[in-house]
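Please take a moment with the sequence and the model before reading on, and keep both in view while the paragraphs below lead you from one part to the next.

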Amino acid sequence: MSGPIVSGGVRLYLGAMTDSPVLAPRAPRTRKPDWIRVKAPTSAGFAATRELMRSKSLTTVCEEAACPNIGECWSKKHATVMILGDTCTRACAFCNVKTGMPRAVDRMEPQNVADAAAQMGLNHIVITSVDRDDLPDGGASQFVKVIEAIRASNPTTTIEILTPDFRNKAEAAVEAIVAARPDVYNHNLETVPRLYPTIRPGARYYASLRLLESVKRHDPSIFTKSGIMLGLGEQRLEVHQVMDDMRSADVDFLTMGQYLQPTPRHAKVEDFVTPQAFDAYAAIARAKGFLLVASSPLTRSSYHAGDDFERLRANREAKLARAR
């Protein structure tokens with residue numbers, strides 16, 4: 001899932017995309033219902049955030065993934081910065097980030113991200129990236145360098161990362177990143193297992209679950225987070241099973257949002273899920289034991305992430321107090 005960031009935070013989006021180009025043939029896009037429409041961005045804050053990102057040579061997933069919340073987030077100086085370049089080595093059927101052979105890793109990127117966070121006065125930052133299957137570590141070391149640069153320049157800023165699956169190198173990648181101690185580790189499952197061959201063909205559902213389990217195994221104090229898109233043809237009971245799988249992996253925070261077709265060549269929207277249905281899913285997820293649930297048509301991985309992080313901490317403290 002891709003989308004802008006939190007209050008008080010930058011969304012540095014390191015997006016987990018997917019493999020071989022399996023984009024659907026062109027098909028007319030379905031008209032969006034009223035509850036999914038947003039205004040075009042025009043504010044001065046939007047322009048200022050765009051200029052800052054350009055001045056630091058940073059790419060934002062807000063633009064690359066055509067996030068519907070970009071106007072709201074950028075007007076508040078919340079942006080999603082996508083590290084490791086703007087080109088993904090995979091081609092997921094839902095993702096608007098371009099696919100191809102990426103450029104060399106920018107050595108100045110970690111400091112540029114930290115400088116942007118300081119200039120924007122961020123209390124919470126979200127960092128994501130494209131998939132970099134071309135790199136020996138999948139790009140894990142760049143995540144570590146970005147975290148370290150932010151800690152050095154902005155010691156009070158809390159850090160949330162949204163990583164790819166680090167295919168075939170996940171254990172070493174997770175171990176290195178967890179050692180750098182981000183506050184939240186997010187990796188999105190994106191959809192139900194049945195739809196992986198067409199929607200996320202370069203990834204494996206259970207490998208992503210094992211990655212989330214691995215984070216908790218290395219450091220149980222780090223909050224884990226994962227999200228799925230609705231409207232791709234998933235069935236209600238399949239969504240419930242994904243919730244159960246996440247809880248088995250001890251995921252703390254679940255996000256659910258409406259899939260929106262970025263171009264006619266991407267997977268089409270099978271259904272616009274109503275706000276009432278999102279509320280019903282949220283109630284079930286809370287009953288299953290998640291510390292926090294964000295579920296609405298416009299919810300994205302890092303939307304309101306800063307505020308949500310504060311709620312996560314408060315909910316964990318309340319849970320521990322009840323257990324005493």
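A residue is called buried when its relative accessible area is under 20%, and exposed when that value is over 50%, with partly exposed in between. With that term in hand, we can turn to this model, which is a predicted one. F223 and F309 are both buried, and they make a good place to begin. The ring centres of F223 and F309 lie 6.0 Å apart and their planes stand at 90 degrees, so this pair counts as edge-to-face. The pair also joins distant parts of the chain, since F223 belongs to strand β7 (residues 223–230) and F309 to helix α11 (residues 305–323), 86 residues apart. The ring of F223 has a further partner in R316, which lies over its face at 3.8 Å from the ring centre.

From this one site we can step back to the whole chain. The protein chain has 324 residues, of which 57% count as buried, and its secondary structure comes to eleven helices and nine strands. If we take the contacts in the chain with a separation of 6 or more, residues 24 or more positions apart account for 80% of them. One example of two residues that are distant in sequence is given by C92 and A267, which are 175 residues apart along the chain, while their C-alpha atoms are separated by 9.1 Å. C92 is found in the loop between β3 (81–83) and α4 (109–120), and its relative accessibility is 3%, so C92 counts as buried.

Aromatic rings come up again elsewhere in the model, where the count of aromatic pairs comes to four. One of them is formed by Y205 and Y206, an edge-to-face pair with 5.0 Å from centre to centre and 90 degrees between the planes. Y205 counts as buried because its relative accessibility is 4%. Ring pairs also link Y205 and Y206 with Y196, and the three form a cluster.

Next, look at two helices, α9 (residues 236–248) and α10 (residues 275–287), whose axes come within 10 Å and cross at roughly 35 degrees. The crossing of α9 and α10 is right-handed. On the α9 side R236, V239, H240 and M243 take part in the contact, and they meet Y281, I284 and A285 in α10. Sorted by class, the residues in this contact are five nonpolar, one polar and one charged. Another arginine, R247, has its charged end over the ring of F290, 5.4 Å from the ring centre.

Finally, the backbone itself deserves a look. Most residues other than glycine have a negative phi. Which way, then, does phi point in E190, positive or negative? In E190 phi is positive, at about 75 degrees, although this residue is not a glycine. E190 lies in the loop between β6 (184–186) and α7 (196–199), and its relative accessible area is 2%, so E190 is buried. D250, also a residue other than glycine, has a positive phi near 65 degrees. D250 is placed in the loop between α9 and β8 (253–258), and because its relative accessibility is 36%, D250 counts as partly exposed.

How values were computed
Residues numbered from 1 in each chain as written. Predicted model: local features only at pLDDT ≥ 70, side-chain atom pairs only at ≥ 80, totals over all residues. Heavy atoms only, no water. Axes fitted to C-alpha atoms, helices over the stretch in contact; angles between N-to-C directions. Helix = DSSP H or I, 4+ residues; strand = E, 2+ residues; numbered from the N terminus. Left-handed = near helix turned anticlockwise from the far one by under 90°. Contact = heavy atoms within 4.5 Å. Nonpolar A, V, L, I, M, F, W, Y, C, P; charged D, E, K, R; others polar. Phe/Tyr/Trp six-rings, centres within 6.5 Å; stacked < 30°, edge-to-face > 60°. Buried < 20%, exposed > 50% of the residue type's maximum accessible area, 1.4 Å probe, protein only. Lys NZ or Arg CZ within 6 Å of the ring centre and 35° of its normal.
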